[in-house]
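Hi,

Here is the structure I promised to pass on. Have a look at it first, and my notes on what turned up follow below.

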Amino acid sequence: MATLYTQQDTNVRKTWFLMTAFLVLVIVLGWVFSVVYQDVFILYIAVAFSLGMNIMSYWYSDRIALGTAGAKKITKEEYPELWNIVENLSITAGLPMPRVFVITDPSPNAFATGRNKEHAAVAVTTGLLEILERSELEGVIAHELAHIGNKDILLQTVVVVLVGMVALLSDIFLRSMMFGGDRDNKAGGLMVFIGIVLAILAPFAGMLIQLAISRKREFLADATGALLTRYPEGLARALEKISTHATPMRRANRATAHLFIANPFGGAKKVSKLFMTHPPVEERVSVLRRDM
C-alpha cells in the first residue's frame with residue numbers, strides 16, 4: 001500500500017532511473033552514428049548533450065514548464081486571497097512558501113513544479129479562480145502542495161524535458177537520414193532503420209509519462225490534500241467543476257499534461273484509461289467522499 005514515505009522514495013528512484021536511461025540512450029545512439037560515419041566526435045557530442053540535458057532537466061525544468069504554460073509570477077497585492085490560501089496551507093503542511101503563478105486562461109486548472117520543496121512553485125489559471133469557492137480552491141492548492149511534499153514535482157518536471165527531447169531527437173535523426181543516409185548502403189540502411197523506429201516511437205512519447213509516473217500519485221495527493229484542509233468535500237467539488245469544462249487550455253502541451261490537476265486538453269475528452277495521465281475524476285471524487 002502506498003504511503004507518503006514510500007511514494008517519496010519511489011519518486012526519487014524513478015527520477016534517477018529516467019535520467020540514467022536518457023543518458024545511456026543518447027550515448028548509445030551517438031556511438032552507433034560515430035561508427036556509421038567513422039567520426040568519434042559524434043560520440044563526444046552525444047555524451048556532452050546527454051549530460052547537458054540531464055543537468056538542465058534538474059535545474060531548469062520548472063522554468064520550462066512554467067514558461068510553456070505562460071505562467072506569470074504574482075504578488076500578494078495582486079491576488080491576496082490566493083496568496084493567503086497558499087501561505088496558510090504551506091504552514092499547515094510544514095513546507096516553505098512556494099512561488100505563486102497565475103496563467104491567464106479561462107480553462108480551470110492548476111499544477112505544481114520545482115526540483116524540491118525549497119524551489120517549488122504553484123500555478124493556477126484565471127479560470128480556476130473564477131469558478132471555485134474558497135473551500136474548493138483550498139482543496140486544489142492543498143492537492144498541489146501535497147505533490148510538493150510527496151516529492152512528485154521533481155519526477156514530473158524532469159519528465160517534461162526528457163520526454164520532449166526524445167521527440168526532438170527523433171526529428172533530428174529523421175532529418176539526418178534524409179540528408180546523410182546515402183553515403184553508402186550500410187550507412188543508409190542503418191539510418192533508414194533507426195529513422196523508422198524513432199518515427200514510430202516518437203508519437204508514443206506521451207506513453208513514457210504513463211510508464212514513468214504512476215497514477216496512484218494523484219490519489220495519494222488527493223488524500224494528503226484532504227488531510228491538510230480537513231475538508232475532502234472541497235476538493236471533490238472542485239474536481240467536479242473542473243471536469244465539466246471541456247474547453248482545452250490555450251497552451252495545452254502533451255509534454256506537460258501530466259503536471260496539471262486535470263487533463264489540460266479538456267475535461268470532456270474521452271480517452272482510454274490505458275492512455276490517461278490522471279485517474280478518472282469520478283474515481284477520485286468517489287474515493288474522497290468515501291473517506292469522509
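Lys-151 is partly exposed, at 43% relative accessibility. You'll find Lys-151 in the loop between α6 and α7 (152-180). What caught my eye there is the backbone: phi of Lys-151 is near 65°, a positive value in a residue other than glycine. Most residues other than glycine have a negative phi. Bear in mind that this is a predicted model.

Arg-230 is another one to look at, with a positive phi of about 60° although it is not a glycine. Arg-230 sits in the loop between α10 and α11. Is Arg-230 buried or exposed? With a relative accessible area of 70%, over the 50% cut-off, Arg-230 counts as exposed.

Now the overall picture. The protein chain has 12 helices and 4 strands. Of its 292 residues, 47% are buried. Its accessible surface comes to about 14,600 Å², and carbon and sulfur atoms account for 63% of that. If you take the contacts with a separation of 6 or more, 69% of them are between residues 24 or more positions apart.

On to the inside. The largest nonpolar core has 33 residues, and Val-140 and Ile-141 are the ones that touch the most other members. Several elements give two or more residues to this core, including α4 (80-93), β2 (99-103), β4 (120-125) and α12 (281-290). The largest share, 6 residues, comes from α6. Apart from this core lies another one, of 13 residues, with Ala-46, Met-53, Val-158 and Met-165 among them.

Which residues does Ile-141 contact, leaving aside its neighbours within four places in sequence? They are Leu-82, Ile-85, Val-86, Leu-89, Val-122 and Val-124.

Thr-113 is worth a click too. This residue lies in strand β3 and is buried, with a relative accessible area of 0%. Not counting residues up to four places away in sequence, Thr-113 touches Asp-62, Ala-65, Leu-66, His-119, Ala-120, Ala-121, Ile-153 and Thr-157.

Last, something on the outside: Val-40, Phe-41, Tyr-44 and Ile-45 make a nonpolar surface patch of about 430 Å². Ile-45 belongs to helix α2 (residues 41-59). Why is Ile-45 called partly exposed? Because its relative accessible area is 45%, and partly exposed covers the range between the 20% and 50% cut-offs.

Cheers

How values were computed. Residues are numbered from 1 along each chain as its sequence is written. This is a predicted model: local features need pLDDT of at least 70, side-chain atom pairs count only at pLDDT 80 or more; totals for chains, interfaces and linings use all residues. Side-chain values use heavy atoms; hydrogens and water are left out. Patches are made of residues with over 30% relative accessible area and no salt bridge: like charges are joined within 9 Å, nonpolar side chains (Val, Leu, Ile, Met, Phe, Trp, Tyr) within 5 Å. Accessible areas come from the Shrake-Rupley method with a 1.4 Å probe; for residues, only the protein chains shown count as cover. A salt bridge is a side-chain nitrogen of Lys or Arg within 4 Å of a carboxyl oxygen of Asp or Glu. Buried means under 20% relative accessible area, exposed over 50%, partly exposed in between (1.4 Å probe, protein chains only). A nonpolar core is a set of buried Ala, Val, Leu, Ile, Met, Phe, Trp, Tyr and Cys residues joined through side-chain atoms within 4.5 Å. Contact means heavy atoms within 4.5 Å.
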